[in-house]
2 protein chains.
Amino acid sequence: MASLGDLERSVMEVLWSGDAALSANELRDALAMRDGESGRTVATTTVLTVLSRLERKGFVSRTREHRPHRYQALLSREEHTAELMHEVLDRSSDRDAALARFVGTVSDGEAATLRRLLDELVRR
Amino acid sequence: MASLGDLERSVMEVLWSGDAALSANELRDALAMRDGESGRTVATTTVLTVLSRLERKGFVSRTREHRPHRYQALLSREEHTAELMHEVLDRSSDRDAALARFVGTVSDGEAATLRRLLDELVRR
DNA sequence: CGTTTTGTTCTACGCTTCGTAGAAGAACGT
DNA sequence: ACGTTCTTCTACGAAGCGTAGAACAAAACG
């Protein structure tokens, strides 16, 4: 999976944070909102450019039916994260060893979460 | 953590695949060996350049004591992988949901490995 | 319909990263 | 001191990304 630049990531964050498909202008506004005072507002064309790139990279899809095209994330944020974790793991030559390291460094709470998730897996 | 380019990654692979610290020339030879017929041999200075960059990025350290400086990975490959997995997870807003997705998509064998690892965690 | 407004694509530029390696400099053996 | 070996400095071209104007298309409106 290709990686994301800063603005690309911000756009994905916005798309991920609500399930509805958004237009370029809505995205621009959401970005401006999100960054509050701190960040400048970015031009709509800029948003459109990154949306095209995100589409080319397979991160978003768009509906061309009505005129303000509407854009939405192809994967949910969690799916995306899980995918990335697999990708990282796939690059390792010894997956089990890497998993061991990973498990060895999660917090207690997360270890418990993992246990619970694995139990649920078995149960169905 | 910064990301790695193709050659940078190859260099790290070599460093990870043996625990000894290597000189630039040994690395160049190992790379040439590894890529066999397929790939051209890269110049020693090229290796040195990427080693400097890897050092700046915190991936390798070098001993300057003796003349062919010797380079070694700062993290083991597994530590690196685990670190990346945490990094990916940290970018998610809902870690538990992301973990759930991840666990839901691992193979049966890996689920078993995870269970075993978590059991070992508890036991000590 | 022609015009104004709104939305999209095309093109482009500057910055940064990375592969690539020569030129120049430093250190070491003899 | 001299050549050899190693490292650093400098540089360049390609690609990725933030950035956005210019040009083009479509819709709204009078």
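Which base atom of DNA strand C lies 2.7 Å from a polar side-chain atom of B:R53? That atom is a base nitrogen. This is a predicted model, in which local features need pLDDT of at least 70, side-chain atom pairs count only at pLDDT 80 or more, and totals for chains, interfaces and linings use all residues. Residues are numbered from 1 along each chain as its sequence is written, chains are lettered from A and ligands numbered from 1 in the order in which they are written, and side-chain values use heavy atoms, with hydrogens and water left out.

Start with DNA strand C. It is surrounded by 23 residues. Here a residue is near a strand if one of its heavy atoms lies within 4 Å of it. The closest are A:R64, A:H69, B:D6, B:L7 and B:T49. Sugar or phosphate supplies 58% of the atoms of strand C within 4 Å of the protein, and bases supply the rest.

Two contacts on this strand use the protein backbone. A polar backbone atom of B:S3 is 3.4 Å from a phosphate oxygen of strand C. For B:A43, the distance from a polar backbone atom to a phosphate oxygen is 3.3 Å. Such polar contacts are pairs of N or O atoms within 3.5 Å; within protein, one must be able to donate a hydrogen and the other to accept it, and residues adjacent in sequence count only if both atoms are side-chain atoms.

Which helices supply this surface? At least two residues each come from α3 (44-56) of chain A, and from α1 (6-17) and α3 (44-56) of chain B. Helices (H or I, at least four residues) and strands (E, at least two) are DSSP runs, numbered from the N terminus. The largest share, four residues, belongs to α3(B). By class, the surface near strand C holds five nonpolar, eight polar and 10 charged residues. In this scheme Ala, Val, Leu, Ile, Met, Phe, Trp, Tyr, Cys and Pro are nonpolar, Asp, Glu, Lys and Arg are charged, and the others, Gly among them, are polar.

Now turn to DNA strand D. This strand has 24 residues around it. A:D6, A:L7, A:K57, B:R64 and B:H69 are the closest. Of the strand D atoms that come within 4 Å of the protein, 58% belong to sugar and phosphate. A phosphate oxygen of strand D is 3.2 Å from a polar backbone atom of A:A43. Another contact joins a phosphate oxygen to a polar side-chain atom of B:N25, at 3.4 Å. Two or more residues each come from α1 (6-17) and α3 of chain A, and from α2 (24-35) and α3 of chain B. On this surface α3(A) has the largest share, with four residues. The classes are six nonpolar, eight polar and 10 charged residues.

The two protein chains also meet each other. Chain A gives 35 residues to the contact, and chain B gives 35 residues. Contact means heavy atoms within 4.5 Å. About 3,800 Å² is buried between the chains, and carbon and sulfur atoms give 68% of that area. Buried area is the accessible area (1.4 Å probe) that two parts lose on being put together, summed over both.

Charged pairs cross this interface too. The rule finds four salt bridges there. A salt bridge is a side-chain nitrogen of Lys or Arg within 4 Å of a carboxyl oxygen of Asp or Glu. A:R95 pairs with B:E110, with the closest N and O atoms 2.5 Å apart. On the chain A side, α4 (77-91), α5 (95-104) and α6 (108-123) each supply at least two residues. α4(A) gives the most, with 11 residues. The chain A side divides into 18 nonpolar, six polar and 11 charged residues. A:D90, A:R95 and B:E110 are linked in a salt-bridge network.

Over all chains, the search finds 20 salt bridges. One of them joins A:E8 and A:K57, at 2.9 Å from N to O. This pair links distant parts of the chain, 49 residues apart: A:E8 is in helix α1, and A:K57 is in the loop between α3 and β1 (60-63). A:E8 is buried, at 9% relative accessible area. A:K57 is partly exposed, at 30%. Buried means under 20% relative accessible area, exposed over 50%, and partly exposed in between (1.4 Å probe, protein chains only).
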